[in-house]
Amino acid sequence: MEKRVLGNTGLQLSVIGFGGFHLVEVPRKEVSLLLNTYLDRGGNYIETAAQYGDGVSERKVGEAVSHRRSEFVLATKAVDRTRDGAMTSLERSLKNLRSDHVDLFFMHEPQSVEEAKKILAPGGAMEAFTEAKQAGKARYVAVSGHGRPAGIQYSIENHAYDVLMTGFNYFDRFNFPQTEEQLLPLCLDRGVGVLGMKALADGYLYRNVATGIRYALSLPIASLVLGMNRLDHLEQDLKVAETFTPMGKEEKEELYRNAPELGRYVCRQCGRCRGADGIDPEEIFLLEGLFDRQMNDYTVPDPQEYALRERLKHWFDQKDWAQEQYGKLRNKVDPQQDYSALNDLCTYGIDVDRKLKIAHSKLTGGSYLF
Ligand code: SF4
């Protein structure tokens, strides 16, 4: 499998990393088969977290592959924001993983700037990370997060983290565009290694697995972490990696235009309708993306699709923040006004007038009648 360099760490990682979240629900025997097959096929990055099943995922990883420890780069995460809590978490993780060190020790999901500051403050978790590095229990310190990247961006800007892991996919690319447009270049500029995850938007892109993986791997990331809880998933993902060719600009444009999950509803942030009619639809739709990832379009999908959207739309728990920001906007949507002149400006076929009223309804806690 192709290997890429993880920023200034110099570690060479296989382009597909094995994510441990789903191992909680996989029986131990199958975990062993999956992880050993992954290593046999050239994979060399395995990641988990203390929180995944309260240590269950780590214990399964330790049991399955600790005898092959020198063959892979191992990562785990701590969620505690205090020095003592993070240190206790790491000690427990090492025991679970049957290893005397991890290669990457992640600060798990500082979602807000306030959380990121708490980690870096005196007595905060970063003290434990630094001590762990000095003691050889963690080779590199890393930060992970998803959704609105405010907390992780602050972390990278204000501390010398070695590695970042966050979500990259062609759907949330339009809900959290700062991730690709600001955070990724910032990391590359500073030599921070970048790992991708959520290439299928938490499963929402399940019909287009190969495209989702190809899209993420076409970005300048070192490795893409995937959850693979069946052997056929593993085989399928490895095949995409083994036959990988990067997506060019034109192919990406075509994907943005035709991806069924984006359809005639998700705003592609092209800016064509900006400023017309005295409002900025792009800005409002960005807030809608934070509110529910633009998943509820008030159409009537089949029951499975509906259930999936209901499960995933508030996955990142940012709806209150989005409503608060909309409350501060000067130019809000007037539900009585006709904005249909904007529809002609949208080359993606979005009914901008209808979408503005839906977004307004979501962001003001109302209910859109359809
Ligand atoms: S023209 Fe369409 S895609 Fe572009 S910003 Fe407006 S609504 Fe979004």
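This is a short tour of a predicted model, moving from the whole chain to its domains and then to the ligand.

Begin with the entire protein chain selected and drawn as a cartoon, where 14 helices and ten strands can be picked out. Along the principal axes, the C-alpha atoms fill a box of roughly 65 × 45 × 35 Å. The radius of gyration of the protein chain is 21 Å, which agrees with the value near 21 Å that a compact globule of 370 residues would have. If you colour the chain by burial, 47% of the 370 residues fall in the buried class. Among contacts with a separation of 6 or more, 75% join residues that lie 24 or more positions apart in the protein chain.

Next, select residues 3–248 as domain 1 and residues 276–363 as domain 2, following the domain assignment. The centres of domain 1 and domain 2, taken over C-alpha atoms, are separated by 31 Å. Turn then to the place where they meet, at which nine residues of domain 1 are in contact with nine residues of domain 2. On the domain 1 side of this meeting, the residues divide by class into three nonpolar, three polar and three charged.

Finally, select the ligand together with the 15 residues around it, of which Cys267, Cys270, Arg272, Cys273 and Cys346 come nearest. Which helix gives the largest share of this shell? Highlighting residues 281–292 shows helix 11, which contributes three residues, the largest share of the shell around the ligand. Coloured by class, the shell residues comprise ten nonpolar, two polar and three charged.

How values were computed: Residues numbered from 1 in each chain as written. Predicted model: local features only at pLDDT ≥ 70, side-chain atom pairs only at ≥ 80, totals over all residues. Near = placed C-beta within 6 Å. Helix = DSSP H or I, 4+ residues; strand = E, 2+ residues; numbered from the N terminus. Nonpolar A, V, L, I, M, F, W, Y, C, P; charged D, E, K, R; others polar. Domains from an automatic or database assignment. Contact = placed C-beta atoms within 7 Å. Rg over C-alpha atoms; globule rule 2.2 N^0.38 Å. Buried ≥ 20, exposed ≤ 12 C-beta atoms within 10 Å, placed from the backbone.
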